[in-house]
Amino acid sequence: MCYQSAGPKGSAVMGDAELALDDILSAISQAAAILSVGSRCHLAGGEAFIDTAQCLKIFAHARDMGFEDITTTTNAYWAQNRGRASRVCRDARRAGLLRMEISWDYWHSPYVSGTAIGNCLEACAEYGIKTNLRILATKTHSAQEALSQVGRDALSRCDLIMSGPVFPTGRADSSIPKDEIFFTGNLGNTCHSVLNLTINPTGRVYPCCAGADQTEALAFGNIKSDRLQAIVDRMSRSLLLRVLVFGGPGALLAILEEQGVDLSGPHANICHMCWEIFSNPRNMAILNAHMERLKKDSFGSLVFSATEYLCTKEQIEESVA
Amino acid sequence: MKNWIPHFSHVLGALKSTTKRGTGRNPAPLPKYFRSIVVLGNLHASIDGDTYANQLSRWIERFNAFSRLQFGFDHGQNPLLAASRTILFMGDDVLSATNEQLALCSLVRRMGFASTVRIPVAEALARPGAFSELLAPESAVSTMLLDSRTHAAVDSPSELKMLVSECVRAGKALSLTGTISYWLDSGLLADQGVNGDGFSLGVISGQNDTRPTVSTFDPCASRFQVFISESGGLFPCQGLVGTSFGQIGHITAQNPNIFSVTDWAELDGWAKHGPSTDGATTHPPGVLPVICRRHRKYLERREAAPQRV
């Protein structure tokens with residue numbers, strides 16, 4: 001469940017959309033029955049802990065439906081008071097929460113203090129919730145700068161810290177100067193390890209929550225009108241998605257460039273490139289047409305892994321024979 | 001390949017009968033928890049007359065074939081389960097076996113695995129040439145994991161910075177582990193190259209993990225991976241490595257069912273609900289989670305107890 005670009009008036013990208021609790025619980029129930037969804041149920045933001053009671057209901061429902069890895073993202077604003085931090089973590093752990101991602105960095109710090117982050121890390125450790133502190137950086141504002149605002153004792157209770165470059169989608173696109181942003185990412189990476197079946201507040205379902213969910217083109221259905229199983233089946237059959245999973249968006253560049261699409265501009269990483277590709281409906285039309293031709297060529301259905309996809313048709317036929 | 005199918009059908013049938021997720025309807029075969037691998041052995045070591053590296057290569061091929069059949073990948077089923085498969089090489093003395101390490105990473109990449117190679121900082125600083133070999137342009141290593149756990153303080157900051165810069169230039173994902181003080185004091189978390197590519201840092205507190213277990217809901221699913229010990233034994237989690245009661249197979253076993261465990265129901269219960277500790281409230285010291293140490297202690301007691309008939 002994801003709500004990127006969230007603000008007081010909804011999402012800057014999707015408008016003021018909201019999923020009812022019943023829709024969320026129903027989606028979790030349906031997802032529990034789908035083998036390829038995996039073991040993890042993650043509640044992301046905006047800031048879900050504005051309504052902690054609903055979060056607890058969602059965690060408990062995921063636990064009762066048999067999810068074995070129940071996780072969430074928060075900016076930990078609620079942990080400014082150490083006592084409240086303990087109470088929230090205690091209740092969340094009892095409801096089934098096992099891991100918490102804390103999304104916080106230089107740009108959060110005027111609103112959520114380093115003290116709150118430290119309280120959150122300590123309270124999570126107190127109640128056995130594993131933590132992942134997620135930071136973004138630009139040329140001027142490094143991970144070290146953000147971490148130095150949190151006490152070392154508290155940081156030593158954290159399990160994992162992950163830092164990545166800011167990439168210019170959503171609000172970062174309009175509020176951070178381009179020359180501040182790192183454009184050094186490896187554009188040959190694949191989406192292999194960053195996939196999550198993602199439901200955004202409009203009910204649309206996506207294969208990841210790193211920017212693709214802010215496009216219309218990569219939506220595979222909507223839980224308000226389709227069963228989740230049908231949407232996942234659509235993903236499983238999608239040759240385009242397999243190329244993304246195992247080849248990454250970089251594998252699509254040649255197809256688009258052949259049709260005159262210019263994607264030579266700087267990209268911070270593959271998520272930024274993916275967002276740029278799929279924000280343009282014309283690109284999607286080109287890619288869909290190309291994938292249909294591949295399917296008619298019959299060997300597309302044999303695609304399994306990145307390397308095999310990148311092999312020639314002859315190599316694939318030989319390996320299958 | 002076709003000769004394996006009746007055997008797999010039998011195994012799958014048994015698994016499906018024991019593994020239902022909550023009130024969901026679809027069966028979830030237990031091996032879905034074992035999509036990633038952690039290799040603890042030295043690639044130069046010898047097992048049954050061949051090197052650990054060669055035995056491991058053959059086992060990974062069998063494991064990959066097993067997974068493809070299990071999940072129906074070759075028939076276009078469950079392709080999303082083919083994602084997020086990783087192999088972490090944690091063995092000692094990797095820098096003495098760089099050719100073997102590179103060959104293994106190349107092999108697993110062809111199968112769709114991402115590979116991470118752990119190198120202790122002290123070894124990388126002592127052998128920068130061998131370290132560079134892992135970063136060559138044709139190297140299939142996905143992530144370099146620099147481990148500073150044996151260091152109390154940063155003793156060669158400029159050399160360390162050169163190592164990390166080399167990883168970044170080579171386009172390898174960067175992963176770090178050690179105490180928070182070590183990595184903050186290194187100054188690398190302010191480095192432009194490191195921030196531009198991003199990094200992950202596994203924080204080691206340097207103390208015993210004393211986190212309490214406040215809930216009976218503590219599934220092993222996220223702790224489950226295939227751990228391959230130095231002697232080639234297969235184990236479902238780090239907490240059971242090296243135990244006779246926790247071994248679920250061996251890399252030299254030729255059976256296409258790569259797991260030889262008989263009691264899948266118990267493993268399935270651990271995956272979904274967490275292990276039984278039978279009320280144990282004490283545990284030996286260590287860095288593993290408290291629940292793992294209590295579980296191991298409980299299983300050791302159970303194993304030592306006289307069998308009832």
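## Where chains A and B meet

Let's start at the join: across the interface of chain B and chain A, eleven residue pairs are in polar contact, both partners having pLDDT 80 or more. On the chain B side, α3 (98–110), α7 (180–185), α8 (192–197), β8 (199–203) and α9 (264–273) each bring at least two residues to the surface that touches chain A. Sort the chain B residues there by type and you get 26 nonpolar, 20 polar and twelve charged. Keep in mind that this is a predicted model.

How many residues does each chain put into the contact? Chain B gives 58 residues and chain A gives 59 residues. Together they bury about 5100 Å², and carbon and sulfur atoms account for 56% of that area.

Two salt bridges run between chain B and chain A. In one of them, K272(B) pairs with E68(A), at 3.9 Å from N to O. R152(A) also has a partner in the other chain, D185(B), with the closest N and O atoms 2.9 Å apart. That pair goes from helix α6 (residues 152–155) of chain A to helix α7 of chain B. R152(A) counts as partly exposed because its relative accessibility is 35%.

### Salt bridges in the whole structure

Side chains of opposite charge can pair when their charged atoms come close. A search over all chains turns up 20 salt bridges. Here are some of them:

| Pair | Closest N to O distance |
|---|---|
| K272(B) and E68(A) | 3.9 Å |
| R152(A) and D185(B) | 2.9 Å |
| D69(A) and R99(A) | 2.5 Å |
| E300(B) and R296(B) | 3.5 Å |

Take the pair inside chain A: D69(A) forms a salt bridge with R99(A). This one ties together distant parts of the chain, with D69(A) in strand β4 and R99(A) in strand β5 (residues 99–103), 30 residues apart. Is D69(A) buried or exposed? D69(A) has a relative accessibility of 8%, so it counts as buried. Its partner R99(A), at 29%, is partly exposed.

The pair in chain B is a local affair. E300(B) and R296(B) share helix α10 (residues 290–304) and sit four residues apart, about one turn of the helix. E300(B) is partly exposed at 39% relative accessibility, and R296(B) is partly exposed too, at 26%. Chain B also holds a salt-bridge network that links D92(B), R118(B), D147(B) and R149(B).

### Two residues with positive phi

Most residues other than glycine have a negative phi. Against that background, A76(A) is worth a look: its phi is near 65°, a positive value. A76(A) lies in the loop between β4 (69–74) and α3 (82–95) of chain A. With 0% relative accessibility, A76(A) counts as buried.

D48(B) is not a glycine either, and it has a positive phi of about 50°. Where does D48(B) lie? Look in the loop of chain B between β2 (46–47) and β3 (50–51). D48(B) counts as exposed, because its relative accessibility of 66% is over the 50% cut-off.

### Chain A as a whole

Stepping back, chain A has 14 helices and nine strands. Of its 321 residues, 57% are buried. Among chain A contacts with a separation of 6 or more, 71% involve residues 24 or more positions apart. Chain A exposes about 13200 Å², with carbon and sulfur atoms supplying 51% of that area.

Conventions: Residues numbered from 1 in each chain as written. Chains lettered and ligands numbered in written order. Predicted model: local features only at pLDDT ≥ 70, side-chain atom pairs only at ≥ 80, totals over all residues. Heavy atoms only, no water. Buried < 20%, exposed > 50% of the residue type's maximum accessible area, 1.4 Å probe, protein only. Contact = heavy atoms within 4.5 Å. Areas by Shrake-Rupley, 256 points an atom, 1.4 Å probe, with all protein chains shown as cover. Buried area = accessible area lost by both parts, 1.4 Å probe. Salt bridge = Lys/Arg side-chain N within 4 Å of Asp/Glu carboxyl O. Polar contact = N/O pair within 3.5 Å; in protein donor to acceptor, adjacent residues only side chain to side chain. Nonpolar A, V, L, I, M, F, W, Y, C, P; charged D, E, K, R; others polar.
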